[in-house]
Amino acid sequence: MKSLQELTRPNIWSLAPYSSARNEYAGREARVFLDANENPYNAPFNRYPDPLQLELKAAISNVKGVAVESIFLGNGSDEPIDLVYRCFCQPGVDNVVAIEPTYGMYKVCADINDVEYRPVLLDEHYQITADKLLKATDSHTKLIWICSPNNPTGNNINREEIVKTIEGFEGLVMVDEAYSDFSAQKTLRSELSRYPNLIVLNTMSKAWGCAAIRLGMAFASKEIIEIFNKVKYPYNVNLLTQQQALEAMKDPFEVDKWVKLLLEERKRMIDSFKLLPICQEVYPTDANFFLAKMTDAKQIYDYLVDRGIIVRNRNRVQLCQNCLRITIGTKTENGELIAALRQY
């Protein structure tokens with residue numbers, strides 16, 4: 001890969017980050033806090049939270065098997081998605097390459113940051129080759145986006161092709177593993193030491209059932225994490241989020257139970273969909289949702305909305321014509337959906 005200095009925007013590389021009050025005494029004991037213009041009453045919410053979330057990162061490190069210094073925490077995964085553009089992509093000059101279709105925020109953040117976004121269409125099996133991705137790059141390509149398991153298609157992207165892409169690209173490769181807890185494929189976060197140009201995204205929103213607290217994770221080399229920390233807002237993860245995430249991390253086995261239940265329900269739902277006359281195909285999935293091709297996705301979607309049942313209409317997404325994306329809910333919720341579709 002190119003050196004990190006070559007990949008980083010020059011103004012970011014030379015940036016002197018904001019020094020928060022809590023950073024300046026880090027590592028030393030303190031008991032009187034008269035430094036940050038805080039109200040001394042209403043503890044603990046009167047104090048600014050740990051800007052680097054060190055206690056939470058230690059807990060995540062134990063669960064995820066990633067060193068603390070290789071963890072960045074943000075306001076949902078959307079924060080590191082946006083940060084990578086702000087840190088590495090020169091507006092109006094650089095570009096990124098991404099599989100298509102995929103998670104929409106990659107393009108939204110590219111547009112916000114005035115960075116050219118180059119989608120590369122998946123094949124009929126919703127797969128991609130490293131050669132196809134690399135051919136879309138040029139000397140101004142800073143990032144390649146790969147979501148695996150992919151959203152909205154649900155399937156794992158071939159791991160060998162992802163590795164070939166990482167090894168064959170001089171820039172950064174972002175692999176979004178938001179749904180990896182539902183997949184049997186080995187995650188790439190364990191390969192960070194082998195690939196200094198790899199950034200892996202994860203989230204508390206899916207398997208961990210904590211979408212409301214908005215906590216996203218980026219795993220990368222210590223050097224990349226340090227650049228993220230230079231640019232992020234000083235107190236980007238609030239105290240309530242940190243507390244709730246720490247509470248969730250105490251019982252990862254509960255998450256394993258949820259995943260097992262959801263995978264069982266996923267099989268039952270897919271089997272039920274295949275029997276519906278209005279369902280033409282259910283695509284293979286490695287996530288907590290599946291993509292189903294219907295006879296008339298828009299009409300069926302509107303029918304479900306009228307009955308208070310909300311799924312995702314992906315009819316306008318490339319390669320997903322007439323498709324609905326179905327999230328796996330509780331057995332009761334899933335049963336209500338199937339019952340409604342049987343009456344359509």
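Contact here means heavy atoms within 4.5 Å. The views below show a predicted model.

**View 1. Packing of helix H11 against helix H13.** Helix H11 spans residues 252-274 and helix H13 spans residues 331-342; the two pack with their axes 11 Å apart and at an angle of about 5°. Because of that angle, H11 is roughly parallel to H13. On the H11 side, the residues in contact are Glu265, Arg268, Met269, Ser272 and Phe273. Their counterparts in H13 are Lys331, Asn334, Gly335, Leu337, Ile338, Leu341 and Arg342. By type, the residues of this contact divide into five nonpolar, four charged and three polar.

**View 2. The open sheet and its edges.** The sheet is built from seven strands with mixed pairing, in the order E1-E7-E6-E5-E4-E2-E3. Strand E1 (71-75) and strand E3 stand at the edges; each has a single partner strand, so one side of each has no neighbour in the sheet. From one strand to the next, the twist averages 25°.

**View 3. Pairing of strands E5 and E6.** Strand E5 covers residues 172-176 and strand E6 covers residues 198-203. The two run parallel and are joined by four bridges. Val175 has Val200 in E6 as its bridge partner.

**View 4. Helices H5 and H9 on the sheet.** Helix H5 (residues 78-88) lies across E1, strand E2 (95-100), E3, strand E4 (141-147), E5, E6 and strand E7 (215-219). The direction of H5 is at about 110° to E1. Helix H9 (residues 222-231) also packs on the sheet, where H9 touches E1, E5, E6 and E7. The direction of H9 makes about 30° with that of E1.

**View 5. Surroundings of Asn113.** Asn113 is located in the loop that runs between helix H6 (105-112) and strand E3 (116-121). Its relative accessibility is 14%, and Asn113 therefore counts as buried, the cut-off being under 20%. The side chains of Asn113 and Asp82 are joined by a polar contact of 3.0 Å. At 2.7 Å, the side chain of Asn113 also reaches the backbone oxygen of Cys109. Leaving aside residues up to four places away in sequence, Asn113 touches Asp82, Tyr85, Arg86 and Pro91.

Definitions and conventions:
Residues are numbered from 1 along each chain as its sequence is written. This is a predicted model: local features need pLDDT of at least 70, side-chain atom pairs count only at pLDDT 80 or more; totals for chains, interfaces and linings use all residues. Side-chain values use heavy atoms; hydrogens and water are left out. Buried means under 20% relative accessible area, exposed over 50%, partly exposed in between (1.4 Å probe, protein chains only). A polar contact is a pair of N or O atoms within 3.5 Å; within protein, one must be able to donate a hydrogen and the other to accept it, and residues adjacent in sequence count only if both atoms are side-chain atoms. Axes are lines fitted to C-alpha atoms, for helices over the stretch in contact, and angles run from 0 to 180 degrees between N-to-C directions. Angles under 35 degrees count as roughly parallel, over 145 as roughly antiparallel, 65 to 115 as roughly perpendicular and the rest as oblique. Ala, Val, Leu, Ile, Met, Phe, Trp, Tyr, Cys and Pro count as nonpolar, Asp, Glu, Lys and Arg as charged, and the others, Gly among them, as polar. Two strands pair if DSSP finds at least two bridges between them.
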